[in-house]
Amino acid sequence: MDFKLEIPDGDNQRGAFRTTIPGLKAKLQETGVSFDVKDLSATGIALLATVESRLKEGTTVTADLMIAGKPVLIGLKSKIVRRINQDILACQFVELDRRQEARLDKLVLEFQKRMIAQRKAKQQSKSEDKLG
C-alpha cells in the first residue's frame, strides 16, 4: 500500500507555520530602530517597514524580539531576503544557536495553540447559539 501526501506550497515561501503575535516588535541592534512584526515562523520573520527604511536585500541584521518593551528573544541574526511592496521586509533567520531555536519554536507553538483554542471557542459559541 502506497501513501502519498502532498502539501501545497501556496504563498508560504518560508516553509514553516506563520503566526501573528499582537504587539510583537523587532528592534534591530545595529540601528536601534523597532519594526512591527507582520508574522513570525521558526525560520523567518516579516517586518513592517516604512518606505524610508534603507535596509536592502542581502543585508544581515540582528534583531531582539520585544513584547510591551520587554525582550522575548534576543540576538536573532536575520538576512533580508526580499522586500515586498516597499513596506514588508522578509527575513530568514541565520546562525541561530540551539537555545534560540528552541525558544523560537516554543513561542510560535504557544501562539499556534492559542489560535486553535480561540477558533474552537468561537465554533463552540456558534454551535451553542444555534441550539439555544
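**Close-up views of a predicted model**

Of the 132 residues in the protein, 32% are buried, and the values that follow all refer to a predicted model.

**View 1. Overall fold and surface of the protein.** The protein is built from six strands and one helix, and, read from the N terminus, its elements follow the order β-β-β-β-β-β-α. The exposed surface comes to about 9,400 Å², of which carbon and sulfur atoms supply 51%. Among contacts with a separation of 6 or more, 52% are made by residues 24 or more positions apart.

**View 2. Strand β3 and its surroundings.** Strand β3 spans residues 44–48, and because four of its five residues are buried, that is, under 20% relative accessible area, the strand is largely enclosed by the rest of the structure.

**View 3. The pairing of strands β2 and β3.** Strand β2, which covers residues 34–40, runs antiparallel to β3 and is joined to it by four bridges. The connection from β2 to β3 is a hairpin of three residues, and across the pair leucine 40 lies opposite isoleucine 45 of β3.

**View 4. The pairing of strands β3 and β6.** Strand β6, made up of residues 88–93, pairs with β3 over five bridges, again in the antiparallel sense. Within this pair, alanine 46 is found opposite alanine 90 of β6. Strand β3 thus has a pairing with β2 through four bridges as well as a pairing with β6 through five.

Key. Residues are numbered from 1 along each chain as its sequence is written. This is a predicted model: local features need pLDDT of at least 70, side-chain atom pairs count only at pLDDT 80 or more; totals for chains, interfaces and linings use all residues. Side-chain values use heavy atoms; hydrogens and water are left out. Helices (H or I, at least four residues) and strands (E, at least two) are DSSP runs, numbered from the N terminus. Buried means under 20% relative accessible area, exposed over 50%, partly exposed in between (1.4 Å probe, protein chains only). Contact means heavy atoms within 4.5 Å. Accessible areas come from the Shrake-Rupley method with a 1.4 Å probe; for residues, only the protein chains shown count as cover. Two strands pair if DSSP finds at least two bridges between them.
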